[in-house]
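Ready for some practice in reading a protein structure? Take a good look at the sequence and the 3D view, then work through the exercises with a pencil in hand.

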Amino acid sequence: MKISQSDKFNFDFNSFKKSTYVLGSLVKKNIRAQYRNSSLGVLWTILNPLLNMLVMALVFGELFGRRLPAGIDYPVYVLAGNTVFGLFRMTTSTGLECMVNNYSLITKTRIPYYVFPTSNLLSAAVNFGFSFIALIIVMLIRMPQGVTFHWTILMTLVPFLPSLMMFSLGLALILATLYVRFRDVKHLYSVILTLWMYMTPLFYVPTMLGETAQNILKFNPLFHYVGYFRQIIQVGTVPDWKSHLICYGCGIIMMLIGALVFNKNKKTFILYI
Amino acid sequence: MENDTNNIQIDETKDATLDPISEYVANMKTMEEDDSILIDVRDVSMRFRLPAEKIDSLKEYFIKLVKRQIKHKDFWVLNNINLQVRKGESLAIIGRNGAGKSTLLRLIAGIMQPTTGTIRTKGVMAPLLNLGAGFDHNATGRENIFLNGAILGFSKKEMEQKYDGIVEFSELDKFMNVPIKNYSSGMLARLGFSIAVDVSPDILIVDEILAVGDAPFQKKCKNRIQQLQENGATFIVVSHSMATIQQLCNRAVWIGDGTIVQYGDVNTVGNAYSDWCNSK
């Protein structure tokens with residue numbers, strides 16, 4: 001028999017393999033919890049982004065739609081932006097609370113801590129998938145208006161999604177660590193998230209802003225993720241190396257910082273939650 | 001020369017006054033020397049560092065940090081604990097509320113890490129510190145068996161094999177497709193316990209969960225644990241019920257104020273603890 005010292009804190013491949021099943025179970029639980037007791041159930045995951053897009057298109061379509069370059073359809077533009085921002089928002093805002101909300105599991109079981117933020121990320125990724133289906137539906141509906149499908153849509157899964165997921169999870173890990181100590185982070189972050197949403201061109205078109213404002217927007221990583229996604233969906237060209245560098249650079253750096261912060265503090269989590 | 005003899009004399013007197021605990025510690029073998037040791041707790045202390053006043057807003061924290069006013073109150077839950085559990089032993093941890101029993105159990109289970117000292121274990125461990133941790137109350141009994149199994153660290157395949165046995169043990173087969181929010185608390189506890197004990201661990205760690213369900217079910221639980229013991233499982237339990245402890249365990253450790261007060265045969269330690277409680 002192997003002698004071991006408390007394995008909850010040491011990461012190794014074996015424990016990772018073992019935790020994939022619990023990871024999957026938690027994701028299933030999260031998804032189920034979202035649309036519980038609604039008669040349409042999981043169909044809402046597709047309907048929700050569709051209806052949201054419809055509202056946006058109705059309210060802002062006239063105002064911003066005309067500012068888009070020729071061939072870029074406004075409903076698709078809005079939905080593509082929201083799909084990307086949705087994954088980011090869901091991962092970070094649920095990730096923020098995950099350590100505190102899973103109090104009973106953390107103090108009573110040996111599930112490795114990283115399972116909780118990761119399960120939130122994967123739940124958000126599943127939602128991204130449903131939103132993506134909604135996006136395809138809208139694109140099909142808008143085909144008479146000149147929407148076309150490009151092969152670059154395949155780049156969504158790789159290389160686009162991993163970079164966005166790394167960025168979101170990295171930030172979620174930082175927020176989760178902070179939230180264990182400071183409960184006001186939750187309120188602060190909800191404000192930041194609203195600001196962040198307006199700082200990302202989700203329903204407006206950045207070219208209608210002044211040059212200074214446009215330059216400020218470029219410091220927002222989400223600006224680049226949203227831009228990347230729209231390019232592969234709507235324009236149909238492969239983004240240049242600079243876009244890849246920014247998306248993966250931000251993703252890897254955020255993930256490294258997040259993992260570092262989380263790992264350094266995880267032993268004290270149990271004392272504060 | 002004179003100095004040397006003096007030293008020896010001092011050592012001798014020290015040895016003679018050695019209390020039973022220190023003697024036990026002095027004679028402890030390492031896990032490598034003695035193969036039958038499954039749990040090796042060495043010089044373990046656990047400190048809870050709590051802020052003297054509760055600071056949970058960022059603003060307060062930074063103001064106090066700048067003013068260097070963050071005061072910590074150190075609270076040593078456990079102090080220099082040395083303990084070994086051998087294969088096939090059944091150990092009861094007894095003591096008053098807040099003495100550090102559950103903390104010791106969680107340290108052994110690997111849920112917390114000690115501030116100082118080391119804890120080493122050998123073999124498959126099943127910590128049953130909570131029944132039905134992470135139950136999803138809107139999901140059915142069946143779904144929860146799989147969810148809880150995953151949380152306890154089993155694979156899907158293992159759970160599929162265990163499923164029938166768990167349902168049979170819990171006697172809840174009529175309710176497997178009902179959301180567990182409709183279960184009574186006794187039924188919930190039974191479901192949780194049935195999942196938890198359907199394991200064949202080398203070390204079984206139990207925290208005050210034997211008193212679940214009705215009398216027939218409690219009897220069944222005790223039988224199950226005795227069966228595991230007969231199969232050679234090492235058993236550690238925290239309990240306040242002397243009857244349960246004396247029925248299920250052969251060793252006991254009495255913890256008071258974070259240190260070991262007495263360690264030894266379950267009847268000796270149990271009686272000493274009962275006498276102490278009565279004298280209070």
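The exercises below deal with a predicted model, and each one comes with a worked solution.

**Exercise 1. Find out how far the confidence scores of chain B go, and where they drop.**

Step 1. Start with the average: the mean pLDDT of chain B is 82. Of its residues, 88% reach 70 or more.

Step 2. Now look for the weak part. Over residues 1-16 of chain B the pLDDT is below 50. This stretch has zero contacts in the model beyond near neighbours in sequence.

Step 3. Draw the lesson. Where pLDDT is low, the predicted coordinates should not be read in detail.

Step 4. Finish with the scores for the model: ipTM is 0.78 and pTM is 0.86.

**Exercise 2. Describe the make-up of each chain, then decide how compact chain A is.**

Step 1. List the elements of chain A: there are ten helices and one strand. Along the sequence, they follow the pattern β-α-α-α-α-α-α-α-α-α-α.

Step 2. Compare two numbers. Chain A has a radius of gyration of 20 Å, close to the 19 Å from the globule rule for 273 residues, so chain A is as compact as a globular protein of that length.

Step 3. Add the dimensions and the burial. Along the principal axes, the C-alpha atoms of chain A fill a box of roughly 65 × 45 × 35 Å. Buried residues make up 40% of the chain.

Step 4. Turn to chain B, which has ten helices and nine strands. Of its 280 residues, 39% count as buried.

Step 5. Check the contacts with a separation of 6 or more. In chain A, 80% of them join residues 24 or more positions apart; in chain B, the share is 70%.

**Exercise 3. Work out which parts of chain B touch chain A.**

Step 1. Count the residues on each side: 34 residues of chain B are in contact with 30 residues of chain A.

Step 2. Locate them. Strand 1 (37-51), helix 3 (58-66), strand 4 (116-122) and helix 5 (141-151) of chain B each supply at least two residues to the touching side. Strand 4 of chain B gives the most, with five residues.

Step 3. Sort the chain B side by chemistry: 17 residues are nonpolar, eleven are polar and six are charged.

**Exercise 4. Is helix 2 of chain A straight or bent?**

Step 1. Work out the expected span. At 1.5 Å a residue, a straight helix of 22 residues would span 32 Å.

Step 2. Compare that with the model: helix 2 (residues 44-65) of chain A spans only 26 Å between its end C-alpha atoms.

Step 3. Find the place. Helix 2 of chain A bends by about 50° at Val59(A).

Step 4. See what surrounds the helix. Thr45(A), Pro49(A), Met53(A), Met56(A) and Ala57(A) are buried, and the buried residues of helix 2 pack against helix 3 (74-101) and helix 5 (115-141) of chain A.

Step 5. Follow one contact out of the helix. Tyr74(A), in helix 3 of chain A, touches residues including Ala57(A), Gly61(A) and Phe64(A). With 23 other C-beta atoms within 10 Å, Tyr74(A) is buried.

**Exercise 5. Put helix 9 of chain A through the span check, then explain how enclosed it is.**

Step 1. The 15 residues of helix 9 (residues 221-235) of chain A should span 21 Å at 1.5 Å a residue; the end C-alpha atoms are 20 Å apart, which agrees.

Step 2. Count burial: twelve of the 15 residues are buried, so helix 9 of chain A is largely enclosed by the rest of the structure. Among them are Leu222(A), Tyr225(A), Phe229(A) and Ile233(A).

Step 3. Identify the cover, which includes helix 3, helix 6 (160-181), helix 7 (185-198) and helix 10 (241-272) of chain A.

Step 4. Look just past the end: helix 9 of chain A is followed by Gly236(A), whose phi is positive, near 85°.

**Exercise 6. Examine some backbone angles.**

Step 1. Begin with omega. The peptide bond from Val158(A) to Pro159(A) is cis, with omega near 10°. Pro159(A) sits in the loop between helix 5 and helix 6 of chain A.

Step 2. Next, take phi. Asn80(B), in strand 2 (residues 72-86) of chain B, has a positive phi near 50° without being a glycine.

Step 3. Asp257(B) is not a glycine either, and its phi is positive, about 50°. This residue lies in the loop between strand 8 (251-256) and strand 9 (259-265) of chain B.

Technical notes:
Residues are numbered from 1 along each chain as its sequence is written. Chains are lettered from A and ligands numbered from 1 in the order in which they are written. This is a predicted model: local features need pLDDT of at least 70, side-chain atom pairs count only at pLDDT 80 or more; totals for chains, interfaces and linings use all residues. Helices (H or I, at least four residues) and strands (E, at least two) are DSSP runs, numbered from the N terminus. A residue is buried if 20 or more other C-beta atoms lie within 10 Å of its own, exposed if 12 or fewer, and partly exposed in between; C-beta atoms are placed from the backbone. Two residues are in contact if their C-beta atoms, placed from the backbone, lie within 7 Å. The radius of gyration is taken over C-alpha atoms; the globule rule is 2.2 Å times the number of residues to the power 0.38. Ala, Val, Leu, Ile, Met, Phe, Trp, Tyr, Cys and Pro count as nonpolar, Asp, Glu, Lys and Arg as charged, and the others, Gly among them, as polar. The expected span of a helix is 1.5 Å times one less than its number of residues. The bend at a residue is the angle between axes fitted to the seven residues ending there and the seven starting there. pLDDT is the predictor's confidence in each residue, from 0 to 100. Lists of a residue's contacts leave out its neighbours within four places in sequence.
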